[in-house]
Amino acid sequence: MARRRWPGAPCAPVTRIRTARPGDVDQCIGVLASLPDYFTPDTHESARRGLSDHRAWVATRGGEVIGFVLVERRYPATAEITFAAVLRDDQGSGVGTELVDTALATLTEEGVAIVEVKTLDASAGYEPYVATRAFWEHRGFRQVDCIDPLPGWQPGNPAAIYIAAIAPTR
């Protein structure tokens, strides 16, 4: 049944998920820059390179990028989500879930069975990442390890390694 919109009621913002294009890179970096509690400036160049070299999807509203997910294929049956970010005002609206679901559906179609995500471990005691870990856990990702120090990460930032099986592995 279609929803009925009452006269004078505000329209819900329309969000579109699509494959990222080269022209989206600066806006994706802008999303990261708007979230300094999660992404330090030293991560921006890594994301910029990743967006140029790997697969990504963006969420847009009115032509503006409001979130993105970046995936790097590791081996034929494995991949890593290296970045996932949504503007603060749009967090909790389902945009992040839709981005991740789109990426996982595509990866499944392409024969990927295992997907990895790294995030800040609970042992760091950094409150903003409580919701981040919950986000991944609610999407079926399970923590399998903690690496401290993880090469390439700033010292004192233990990495929680999460994986999800998106297809049978045996």
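**Exercise 1: the main core.** Find which residues touch the most other members of the largest nonpolar core.

*Solution.* Start with the core as a set: it has 23 residues, and I81, L99 and F141 are the ones that touch the most other members. Keep in mind that this is a predicted model. Next, look at who supplies the residues. Strands 2, 3, 4, 5 and 7 (159-165) each give at least two, and so does helix 3 (95-109). The top contributor is helix 3, with 6 residues. Then zoom in on L99. Leaving out residues up to four places away in sequence, L99 touches I17, W57, V58, A59, G67, F68, V69 and V86. Finally, don't stop at one core: there's a second, separate core of 19 residues, and among its members are V31, F68, A85 and Y129.

**Exercise 2: lay out the sheet.** Work out the order of the 7 strands in the open sheet, and name its edge strands.

*Solution.* Read across the sheet and you get 1-2-3-4-5-7-6, with mixed pairing. The two ends of that row are the edges: strand 1 (16-19) and strand 6 (142-147) each pair on one side only. Neighbouring strands are turned against each other by 25° on average, ignoring direction.

**Exercise 3: follow the pairing from strand 2 to strand 5.** Say which pairs run antiparallel and which pair is parallel.

*Solution.* A quick reminder before the steps: strands of a sheet pair through backbone hydrogen bonds, in either sense.

1. Strand 2 (55-61) runs antiparallel to strand 3, and 7 bridges join them. One bridge puts W57 with V69 in strand 3. The two strands make a hairpin with 2 residues between them, and G62 in the turn has a positive phi of about 60°.
2. Strand 3 (64-75) is also antiparallel to strand 4, this time over 8 bridges. Here V69 stands opposite A84 in strand 4. A hairpin through 2 residues joins this pair too.
3. Strand 4 (78-86) and strand 5 (114-120) are parallel, over 4 bridges. T78 has I114 in strand 5 as its bridge partner.

So V69 is a handy landmark, because it shows up as the partner of W57 and also opposite A84, besides being in contact with L99.

**Exercise 4: place two helices.** Which strands do helix 1 and helix 2 lie across, and at what angles to strand 3?

*Solution.* Take helix 1 (25-33) to begin with: it lies across strands 2, 3 and 4, at about 100° to strand 3. Helix 2 (44-53) lies across strands 2, 3 and 4 as well, and its angle to strand 3 is about 75°.

**Exercise 5: cysteines.** How many disulfides does a search of the whole structure find? Are C28 and C146 buried or exposed, or somewhere in between?

*Solution.* The search comes up with 0 disulfides. For the second part, use the cut-off that buried means under 20% relative accessible area. C28 sits at 0%, so C28 is buried. C146 is at 33%, so C146 counts as partly exposed.

**Exercise 6: the aromatic cluster.** Describe how the rings of Y126 and Y129 are arranged, and say which tyrosines share their cluster.

*Solution.* There are 5 aromatic pairs in total. For Y126 and Y129, the ring centres are 6.0 Å apart and the planes meet at 40°, so this pair is tilted. Y38 joins these two in one aromatic cluster. Now compare their surroundings: Y126 is partly exposed at 34% relative accessibility, whereas Y129 is buried at 11%.

**Exercise 7: loops and an end strand.** Locate A124, P149 and A165, and add one detail about each.

*Solution.*

- A124 is in the loop between strand 5 and helix 4 (128-138). At 33% relative accessibility A124 is partly exposed. N157 is 33 residues away along the chain, yet the two C-alpha atoms are separated by 6.5 Å.
- P149 belongs to the loop between strands 6 and 7. A cis peptide bond joins D148 to P149, with omega about 5°.
- A165 is in strand 7. With a relative accessible area of 59%, A165 is exposed. Setting aside neighbours within four places in sequence, A165 contacts A113 and I114. S93 is 72 residues away along the chain, and its C-alpha atom is 25 Å from that of A165.

Conventions: Residues are numbered from 1 along each chain as its sequence is written. This is a predicted model: local features need pLDDT of at least 70, side-chain atom pairs count only at pLDDT 80 or more; totals for chains, interfaces and linings use all residues. Side-chain values use heavy atoms; hydrogens and water are left out. Two strands pair if DSSP finds at least two bridges between them. Axes are lines fitted to C-alpha atoms, for helices over the stretch in contact, and angles run from 0 to 180 degrees between N-to-C directions. Contact means heavy atoms within 4.5 Å. A disulfide is a pair of cysteine sulfur atoms within 2.5 Å. Buried means under 20% relative accessible area, exposed over 50%, partly exposed in between (1.4 Å probe, protein chains only). A nonpolar core is a set of buried Ala, Val, Leu, Ile, Met, Phe, Trp, Tyr and Cys residues joined through side-chain atoms within 4.5 Å. Rings of Phe, Tyr and Trp (its six-membered ring) pair if their centres lie within 6.5 Å; planes under 30 degrees apart count as stacked, over 60 as edge-to-face and the rest as tilted.
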